[in-house]
Amino acid sequence: GVKGLKTELEEKTGVPVDRMKLMAKSKGLWKGVMKDDLDLASLDWQGAVAKAGSAGIQLLLIGSAAKLTGPSTTTVFLEDLAPEEVAKVQEPSGLVNLGNTCYLNSVVQCLRVIPALRQGLSVYTPASDSNTGNRNAAHTMFLSSLRSTYQSLDRQANPVQPMALVQATKMAFPQFAERGRNGNP
């Protein structure tokens with residue numbers, strides 16, 4: 001019967017019976033996948049041989065000899081990740097242009113990938129000397145806002161508004177706060 005045929009095919013192909021499906025490619029035998037309860041004696045084998053001619057009766061065996069395994073790594077979708085994790089795997093989010101801040105934004109984003117700068121900012125602590133004046137305070141504010149901007153970029157996938165960084169840049173470097181004749185930056 002069918003069980004004997006499948007067992008014989010398993011010995012020849014290595015495809016286990018439980019993962020095996022048989023279909024007749026030759027016309028006149030059966031339609032679709034061979035059922036385990038099919039009576040092979042009831043089939044018109046001679047008619048099928050006559051129709052097939054010199055090609056002979058053809059069966060299609062579907063199955064795999066190798067045991068199937070799941071994926072080696074678990075699939076994780078962006079929707080399932082926390083915003084900080086999304087920011088690590090997506091392209092960098094970038095900075096919002098706040099009106100003529102595109103040059104500042106591009107420089108800040110280029111400097112973001114320099115490990116020595118990032119490390120220096122992470123361990124930076126301002127000097128406690130009160131005699132250094134407003135200029136040092138402005139530079140301290142600039143470095144702190146730069147560090148904060150980088151931390152924001154690392155935590156989220158959406159563009160970051162660099163308002164504090166732009167203000168601190170204008171305080172530390174007054175030439176960035178200058179305006180033209182028409183009042184444009």
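Visitor: How does Arg 118 count at 24% relative accessibility: buried, partly exposed or exposed?
Guide: This is a predicted model, in which local features need pLDDT of at least 70 and side-chain atom pairs count only at pLDDT 80 or more, while totals for chains, interfaces and linings use all residues. Residues are numbered from 1 along each chain as its sequence is written, and side-chain values use heavy atoms, with hydrogens and water left out. A residue is buried under 20% relative accessible area, exposed over 50% and partly exposed in between (1.4 Å probe, protein chains only). Because its relative accessibility is 24%, Arg 118 counts as partly exposed.

Visitor: Which residue meets Arg 118 in a salt bridge?
Guide: A salt bridge requires a side-chain nitrogen of Lys or Arg within 4 Å of a carboxyl oxygen of Asp or Glu. For Arg 118, the N to O distance is 2.3 Å, and the partner is Asp 154.

Visitor: How many residues apart are Asp 154 and Arg 118?
Guide: Helices are DSSP runs (H or I, at least four residues), as are strands (E, at least two), numbered from the N terminus. Asp 154 lies in helix α6 and Arg 118 in helix α5, so the definition of a helix places both in such runs. This pair links distant parts of the chain, with a separation of 36 residues.

Visitor: Which other residue belongs to the network of salt bridges with Arg 118 and Asp 154?
Guide: Asp 154 also takes part in a salt bridge of 2.8 Å, N to O, with an arginine in the loop between α4 (102-111) and α5 (115-123). That arginine counts as buried because its relative accessibility is 14%. The residue in the network is Arg 112.

Visitor: Which residue forms a salt bridge with Lys 6?
Guide: Lys 6 is buried, because its relative accessibility is 5%. Its partner counts as exposed at 59% relative accessibility. The closest N and O atoms are 2.9 Å apart, and the partner is Asp 36.

Visitor: What kind of aromatic pair do Phe 142 and Phe 173 form?
Guide: Rings of Phe, Tyr and Trp (its six-membered ring) pair if their centres lie within 6.5 Å; planes under 30 degrees apart count as stacked, over 60 as edge-to-face and the rest as tilted. For Phe 142 and Phe 173, the centres are 5.4 Å apart and the planes stand at 85°. The pair is therefore edge-to-face.

Visitor: Which residue joins Phe 142 and Phe 173 in a cluster?
Guide: A further edge-to-face pair involves Phe 173, with centres 6.5 Å apart and planes at 80°. Its partner is partly exposed, with a relative accessible area of 49%. The residue that completes the cluster is Phe 176.
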